[in-house]
Amino acid sequence: MKILVINCGSSSLKFQLIDSESEAVICKGLCERIGIEGSRIVYTPEGKDKITIETPMPDHNRAIELVIEALTNKENGVVSLDEIGAVGHRIVHGGEKFTKSVVINEEVIKAIEDVSDLAPLHNPANLIGIRACQKAMPGVPMVAVFDTAFHQTMPQEAYLYGLPYSYYEKYGIRRYGFHGTSHSYVSKRAAQILGKDAKDLKIIVCHLGNGASVSAVKGGECIDTSMGLTPLEGLIMGTRTGDIDPSVVEFVMKKENSSVADVTNLLNKKSGVFGLSDELSSDFRDLEDAYVEGHAGAKRAVDAFAYRVLKYIGAYTAAMGGVDAICFTAGVGENSGFVRKLICERLGFIGATLDEEANKVRGKEQEISGADSKVKLMVVPTNEELAIARDTYELTK
Ligand code: ADP
């Protein structure tokens with residue numbers, strides 16, 4: 001079966017067509033600037049060159065039409081429409097309602113709407129993607145795969161904030177966690193690589209991309225993760241603060257005479273390694289180069305980033321009563337031996353050692369711990385689209 005995987009944002013739509021049997025990516029692409037001037041679709045059919053078409057895309061319905069056109073056109077299409085057996089949608093927030101992926105029906109759509117106030121930028125866009133696909137491919141089964149679902153196994157002691165309990169009961173304010181599809185995929189894959197049952201392992205997954213989070217996976221289940229009610233909590237990220245004292249909000253508002261919206265924008269878009277480096281860059285490639293050349297801002301930003309990851313590794317080792325494997329994934333985790341080294345060279349306290357030669361790896365599965373290491377250190381590239389395609393296939397085959 002061919003599975004179309006859709007990741008729909010407010011002005012962009014990423015897609016992949018995956019063969020459920022071979023798990024090959026038959027085509028992948030991106031619609032950019034939906035509803036904005038200068039929109040285009042960029043896609044790469046398997047074995048062919050990248051194709052870019054600049055064309056108006058007033059809304060997501062038109063974007064989906066163009067995706068289908070790209071996948072099925074006579075000249076360089078890769079399937080006929082009736083070969084697409086199911087569509088898997090990445091949904092950011094499933095609240096407490098969704099603990100695993102589900103087949104989409106009207107009840108599911110309503111439930112995703114109901115938790116939209118927890119992810120006001122993302123869930124509405126995800127729903128638009130679902131509606132657009134329903135319109136373009138009536139009768140094709142669709143599955144919702146939630147970023148939050150994998151973390152729903154967290155115990156109460158890990159997901160509750162120290163707020164009055166009634167705020168949890170009334171408003172659902174708690175830690176939900178994100179990147180769940182990635183944490184799930186990587187922890188399972190790590191167990192496979194190690195030739196062990198996930199049930200017997202304590203794994204820490206460091207998903208270090210533009211957005212970044214850490215999770216503690218004990219016996220195959222998530223018991224804690226660094227992102228919270230929203231993806232702002234936890235690690236220092238590309239442009240997000242991660243953990244700060246909540247009093248900073250009021251303090252900055254008073255000092256700068258700014259609004260809640262201004263401060264929210266500051267915390268999400270102007271902070272993280274971007275803010276710490278004096279706005280040098282949020283891209284770790286730039287920061288690493290500058291760090292090596294002695295740029296003080298780049299050094300301070302990357303050092304603070306690595307230190308925060310180290311602290312979470314320490315915390316989650318304590319939470320699980322030990323750790324068997326620490327996995328690095330996503331853009332930075334998979335590609336930056338530099339950042340991995342900054343973190344791993346301080347893990348001697350758990351008996352972990354780094355093999356510096358192996359740590360040169362980029363974007364490939366690789367054990368990077370030394371032969372004498374008591375903890376396995378691993379690079380495990382994530383593949384959220386494949387994980388979504390697998391769930392979609394399982395629920396619709
Ligand atoms: P997201 O999906 O959250 O946008 P990604 O997982 O794609 O993020 O990661 C993006 C980050 O990965 C960027 O900050 C980029 O600098 C970093 N990155 C990609 N390749 C490299 C590399 N070779 N070295 C260091 N960092 C890299």
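The exchange below goes through the burial, strand pairing and packing of a predicted model.

Me: What makes β5 and β7 the edge strands of the sheet?

Reply: Eight strands form an open sheet in the order β5-β4-β3-β2-β1-β6-β8-β7, with mixed pairing. Strands β5 (51-54) and β7 (102-103) each pair on one side only, and these are the edge strands. A pair is counted where there are at least two bridges between two strands, and β7 has two bridges to β8, to which it runs antiparallel; within that pair, V102 has A144 of β8 as its bridge partner.

Me: How do you know that the pairing in this sheet is mixed?

Reply: The sheet is described as mixed, and both kinds of pairing can be found in it. Strand β1 is joined to β2 by seven bridges and the two run antiparallel, while β1 and β6 are joined by five bridges and run parallel. Strand β2 (residues 13-19) also runs antiparallel to β3 (residues 25-32), with six bridges between them, and I18 stands opposite V25 of β3. Between β6 and β8 there are five bridges, and this pair runs parallel.

Me: Which residues mark the pairing of β1 with β2, and which mark its pairing with β6?

Reply: On the β2 side, C8 stands opposite L13, and a hairpin of four residues joins the two strands. On the β6 side, V5 has G88 as its bridge partner.

Me: Why is β1 called largely enclosed?

Reply: Seven of the seven residues of β1 are buried, so the strand is largely enclosed by the rest of the structure. The burial applies to both faces, with K2, L4, I6 and C8 on one side and I3, V5 and N7 on the other. To be called buried, a residue must have under 20% relative accessible area.

Me: What makes β8 mostly covered?

Reply: Five of its five residues are buried. M142, A144 and F146 point one way from β8, V143 and V145 point the other way, and all are buried. A144 is also the residue that H89 stands opposite.

Me: Which helix packs on the sheet, and which strands does it touch?

Reply: Helix α3 (residues 123-136) packs on the sheet and touches β1 (2-8), β6 (84-91) and β8 (142-146), its direction making about 170° with that of β6.

Me: Why is E385 called partly exposed?

Reply: E385 has a relative accessible area of 25%, and because buried means under 20% and exposed means over 50%, a value in between is called partly exposed. E385 lies in helix α14 (residues 384-396), and, apart from neighbours within four places in sequence, E385 is in contact with V5, Q16 and I18.

Me: How do you know that α6 and α14 are roughly perpendicular?

Reply: Helix α6 (residues 180-194) and α14 pack at an angle of about 90°, with axes 9 Å apart. Angles of 65 to 115 degrees count as roughly perpendicular, and α6 and α14 are therefore placed in that class. The residues that meet are T181, S182 and Y185 in α6 and E384, L386, A387, I388 and R390 in α14; by class, this contact has four nonpolar, two polar and two charged residues.

Me: What makes helix α13 mostly covered?

Reply: Six of the eight residues of α13 (residues 337-344) are buried, namely G337, V339, R340, L342, I343 and C344. These buried residues pack against β9 (202-208), α10 (284-292), α11 (296-320), β12 (325-329), α12 (330-335) and β14 (376-379).

Me: Which residues have the most contacts inside the largest nonpolar core, and how many residues does this core have?

Reply: The largest nonpolar core has 48 residues, and those with the most contacts inside it are I204, C206, L208, I326 and L347. Strands β9, β10 (212-218), β12 and β14, together with helices α10, α11 and α13, each supply at least two residues of this core, and α11 gives the largest share, eleven residues. Not counting residues up to four places away in sequence, I326 touches I204, C206, I313, L347, I350, V375, K376, L377 and M378. A second core of 41 residues is separate, and includes L17, C31, I51 and M57.

Methods: Residues numbered from 1 in each chain as written. Predicted model: local features only at pLDDT ≥ 70, side-chain atom pairs only at ≥ 80, totals over all residues. Heavy atoms only, no water. Contact = heavy atoms within 4.5 Å. Axes fitted to C-alpha atoms, helices over the stretch in contact; angles between N-to-C directions. Buried < 20%, exposed > 50% of the residue type's maximum accessible area, 1.4 Å probe, protein only. Core = buried A, V, L, I, M, F, W, Y, C linked by side-chain atoms within 4.5 Å. Parallel < 35°, antiparallel > 145°, perpendicular 65-115°, else oblique. Nonpolar A, V, L, I, M, F, W, Y, C, P; charged D, E, K, R; others polar.
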